[in-house]
There are 2 protein chains.
Amino acid sequence: MSRDVRVRFGERLREVRTGHGISQERLAALAELHRTFVSLIERGERNVTLQTVEKLALALDVEMAELMPVQEQ
Amino acid sequence: MSRDVRVRFGERLREVRTGHGISQERLAALAELHRTFVSLIERGERNVTLQTVEKLALALDVEMAELMPVQEQ
DNA sequence: GTGTGACTTAAAGTCCGTC
DNA sequence: AGACGGACTTTAAGTCACA
């Protein structure tokens with residue numbers, strides 16, 4: 001069984017965000033999301049919707065697909 | 001301004017589902033979702049969560065990223 | 001700069017049905 | 001096989017104070 005998609009997405013988001021060298025606060029501002037909400041997402045405690053994924057992707061200037069975790073065995 | 005992510009995702013899902021030659025009802029059963037919900041999604045009336053995207057991807061045997069719509073101008 | 005618990009309200013998702 | 005409606009339950013969105 002694969003780990004929770006929330007956790008895998010959170011890890012993926014953190015990878016991309018740190019790869020861009022920006023803070024959670026900065027990402028939150030760019031995506032027009034609350035700072036604590038970004039924190040919750042990266043810790044795998046929120047099962048985000050596609051609209052939130054889109055906001056994050058636009059803020060990070062990547063395709064939504066790039067934020068998707070890969071299926072695990 | 002890009003069209004709503006819900007509409008774009010619904011179109012993408014329908015493409016992949018019909019590409020697999022299965023009905024909404026069959027997809028719903030495979031993904032353990034309700035047939036009415038799959039209908040709502042394909043019509044762009046639901047902003048699905050990552051857990052739902054994962055269920056659909058597993059049911060269709062594709063990566064979650066393959067169900068993601070591409071950013072429009 | 002980030003983690004966390006608690007909270008309200010908006011929307012996801014279910015289940016019955018008809019056309 | 002799929003669109004659509006109504007009523008319902010559950011959960012995400014979004015925010016706050018505080019650590």
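Modeller: A residue counts as near a DNA strand if one of its heavy atoms lies within 4 Å of that strand. The model discussed here is predicted.

Biologist: How many residues surround DNA strand D?
Modeller: Apply the 4 Å cut-off to strand D. The closest residues are Asn47(A), Thr49(A), Arg14(B), Arg17(B) and Gln24(B). The full count around DNA strand D is 21 residues.

Biologist: What percentage of the atoms of DNA strand D within 4 Å of the protein belong to sugar or phosphate?
Modeller: The atoms of DNA strand D within 4 Å of the protein fall into two groups. Bases supply the rest, once sugar and phosphate are counted. The sugar or phosphate share is 70%.

Biologist: Which residue has a backbone N or O atom 2.8 Å from a phosphate oxygen of DNA strand D?
Modeller: Two side chains also place an N or O atom by a phosphate oxygen of this strand: Thr52(A) at 3.1 Å and Ser39(B) at 3.0 Å. Elements giving two or more residues to the surface near strand D are helix 3 and helix 4 (50–60) of chain A, with helix 1 (5–19), helix 2 (24–31) and helix 3 of chain B. The backbone contact at 2.8 Å comes from Thr49(A).

Biologist: How many charged residues does the surface near DNA strand D have?
Modeller: Sort the surface by class. Three residues are nonpolar and 10 are polar. The charged residues number eight.

Biologist: Now strand C. How many residues surround it?
Modeller: The closest include Gln24(A) and Glu25(A) from chain A. His34(B), Asn47(B) and Thr49(B) are also among the closest. Sugar and phosphate make up 66% of the strand C atoms that come within 4 Å of the protein. The number of surrounding residues is 18.

Biologist: Which residue has a polar side-chain atom 3.5 Å from a base nitrogen of DNA strand C?
Modeller: Two other contacts go to phosphate oxygens of strand C. A polar backbone atom of Gln24(A) is 2.6 Å from one, and a polar side-chain atom of Glu25(A) is 2.7 Å from one. The side-chain contact to a base nitrogen belongs to Thr36(B).

Biologist: What rotation superposes chain B on chain A?
Modeller: The shift along the axis is 0.0 Å, and the RMSD is 0.1 Å. The two copies are therefore related as by a two-fold rotation axis. The same surface serves both copies, since 100% of the contact residues of chain B recur in chain A. The rotation is 180°.

Biologist: How many residues has the largest nonpolar core?
Modeller: Those with the most contacts inside this core are Phe9, Leu56 and Leu67, listed for chain A and for chain B. The largest core has 43 residues.

Biologist: Which residue of chain B is in contact with Phe9(A)?
Modeller: Leave aside the neighbours of Phe9(A) within four places in sequence. Its contacts then include Ile41(A), Val48(A), Val53(A), Leu56(A), Leu67(A), Met68(A) and Pro69(A). The contact from chain B is Leu50(B).

Biologist: Is Glu32(A) buried or exposed?
Modeller: Glu32(A) is found in the loop between helix 2 and helix 3 of chain A. Its phi is near 55°, a positive value in a residue other than glycine. The cut-off for exposure is over 50% relative accessible area. With a relative accessible area of 68%, Glu32(A) is exposed.

Biologist: What is the relative accessible area of Glu32(B)?
Modeller: Glu32(B) is found in the loop between helix 2 and helix 3 of chain B. Its phi is positive, about 60°, although it is not a glycine. Glu32(B) is exposed, with a relative accessible area of 67%.

Key:
Residues numbered from 1 in each chain as written. Chains lettered and ligands numbered in written order. Predicted model: local features only at pLDDT ≥ 70, side-chain atom pairs only at ≥ 80, totals over all residues. Heavy atoms only, no water. Polar contact = N/O pair within 3.5 Å; in protein donor to acceptor, adjacent residues only side chain to side chain. Least-squares fit on C-alpha atoms with pLDDT ≥ 70 in both. Contact = heavy atoms within 4.5 Å. Core = buried A, V, L, I, M, F, W, Y, C linked by side-chain atoms within 4.5 Å. Buried < 20%, exposed > 50% of the residue type's maximum accessible area, 1.4 Å probe, protein only. Helix = DSSP H or I, 4+ residues; strand = E, 2+ residues; numbered from the N terminus. Nonpolar A, V, L, I, M, F, W, Y, C, P; charged D, E, K, R; others polar.
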